[in-house]
Amino acid sequence: MRPFDDTPLARDGKVLILAYDHGLEHGPVDFEGLAGSEDPARTFEAATHPAVTSLAVQKGPAEAYYPSYEDDVDLLLKLNGTSNLWMGEPDSAVNCTVDYAHDIGASSVGFTVYGGSNHEIEMVEEFRDAQEAARARDLPVVMWSYPRGQGLKNDTAPDTIAYAARQALELGADVAKVKYPGSREAMEHAVSMAGRTKVVMSGGSKTTDREFLSSVKDVIDAGGAGLAVGRNVWQREDPTRILDALEAVIFDETTVDEALARAE
Ligand SMILES: O=P(O)(O)OC[C@H]1O[C@](O)(COP(=O)(O)O)[C@@H](O)[C@@H]1O
């Protein structure tokens, strides 16, 4: 296994994953606010920004669009996913194997685990198969570590996010993608629970530039490796502008004000 910093997922030890699996996870509603955002080519284009360390998509968009971008984009293939049409306890169908992901050009893989769901046992067993296959191919593994289910009252409570980060370490993920637990202190706790597993924040629904960049800054200050973000980038009219600001906060460790100025 390569050191994490030598993998395409990281740049200078930091991570900026652009996520575009929402067409499956949330459906067309996520594209309604911005005409053209439903076109995967637009987000593949955004992912050519030098700050983006990889683009996370499902198998279909990877097959159809990645061949046109393989020289400029690192592909993170999401191996499971569920539509919002599913009304049951949180679960995620495995729709791609590690070998297939590797064959179509992925340099890393992603997998959702809903800790606390009634389906946690099966999901963790599926994760085991994917994680071991990824090790055999030397592909880093990102766990979308999202505790949720009937029994869980608050899926972003600090203790819950710390557990999500720890679960990713225990199960052998290289990166834990977790929701923002609300403060820098809570993120520090999650980062310490994750040990050598890198922690990245999940972007969340679109907010103002300042609010979004401030949460990213908290993550970096807390020792997090960076961000895996979707809507806060590609739901903006100009994804390049916010990616310039993210590059400043994540890789150059600037203040939010400096990052905003750089994006003017
Ligand atoms: O399960 P949720 O909370 O609805 O969000 C799932 C979505 O959030 C992500 O994990 C991150 O995307 P966002 O930055 O838009 O929140 C996506 O990969 C995924 O489609």
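**Exercise 1. Find how many bridges join strand β1 to strand β10, and work out how β1 sits in the barrel.**

Step 1. Strand β1 (residues 15–19) is joined to β10 by 4 bridges, and the two strands run parallel. Strands here are DSSP runs of type E of at least two residues, helices are runs of type H or I of at least four residues, and both are numbered from the N terminus; two strands pair if DSSP finds at least two bridges between them. The model is a predicted one, in which local features need pLDDT of at least 70 and side-chain atom pairs count only at pLDDT 80 or more, while totals for chains, interfaces and linings use all residues. Residues are numbered from 1 along each chain as its sequence is written, and side-chain values use heavy atoms, with hydrogens and water left out.

Step 2. Two of the partners in β10 can now be named: Val15 has Gly226 as its bridge partner, and Leu18 has Val229.

Step 3. Strand β1 also pairs in the parallel sense with strand β2 (residues 54–57), over 3 bridges, and there Ala19 stands opposite Ala56.

Step 4. In a regular strand the side chains alternate between the two faces of the sheet. In β1 both faces are covered, since Val15, Ile17 and Ala19 on one side and Leu16 and Leu18 on the other are all buried, where buried means under 20% relative accessible area, exposed over 50%, and partly exposed in between, with a 1.4 Å probe and protein chains only.

**Exercise 2. Trace the closed barrel and state which helix packs on the sheet, touching β6 and β7.**

Step 1. The closed barrel has 8 strands in the order β1-β2-β3-β6-β7-β8-β9-β10, with parallel pairing. The twist from one strand to the next averages 25°.

Step 2. Helix α5 (residues 120–137) packs on the sheet and touches β6 (108–113) and β7 (141–145), a contact being heavy atoms within 4.5 Å. The direction of α5 makes about 170° with that of β6, on a scale from 0 to 180 degrees between N-to-C directions of axes fitted to C-alpha atoms, for helices over the stretch in contact.

Step 3. Strand β9 (residues 198–202) is joined to β10 (residues 226–229) by 3 bridges in parallel; Met201 has Leu227 as its partner, and Ser202 has Ala228.

**Exercise 3. Describe which residues surround the ligand and how much of the ligand the protein buries.**

Step 1. The ligand is surrounded by 16 residues, each with a heavy atom within 4 Å of it, and the closest are His26, Tyr146, Lys177, Lys179 and Arg231.

Step 2. Among the polar contacts, which are pairs of N or O atoms within 3.5 Å, a polar side-chain atom of Lys179 lies 2.5 Å from a ligand oxygen. A side-chain N or O atom of Asp21 is 2.7 Å from an oxygen atom of the ligand, and for Gly204 a backbone N or O atom lies 2.8 Å from a ligand oxygen.

Step 3. Taken alone the ligand exposes 470 Å², of which the protein buries 90%, with areas from the Shrake-Rupley method and a 1.4 Å probe.

**Exercise 4. Decide whether His22 is buried or exposed, and name its contacts.**

Step 1. His22 belongs to helix α1 (residues 22–25), and with a relative accessible area of 7% His22 is buried.

Step 2. Leaving out residues up to four places away in sequence, His22 touches Gly27, Asp30, Gly230, Arg231 and Trp234.

Methods. A polar contact is a pair of N or O atoms within 3.5 Å; within protein, one must be able to donate a hydrogen and the other to accept it, and residues adjacent in sequence count only if both atoms are side-chain atoms.
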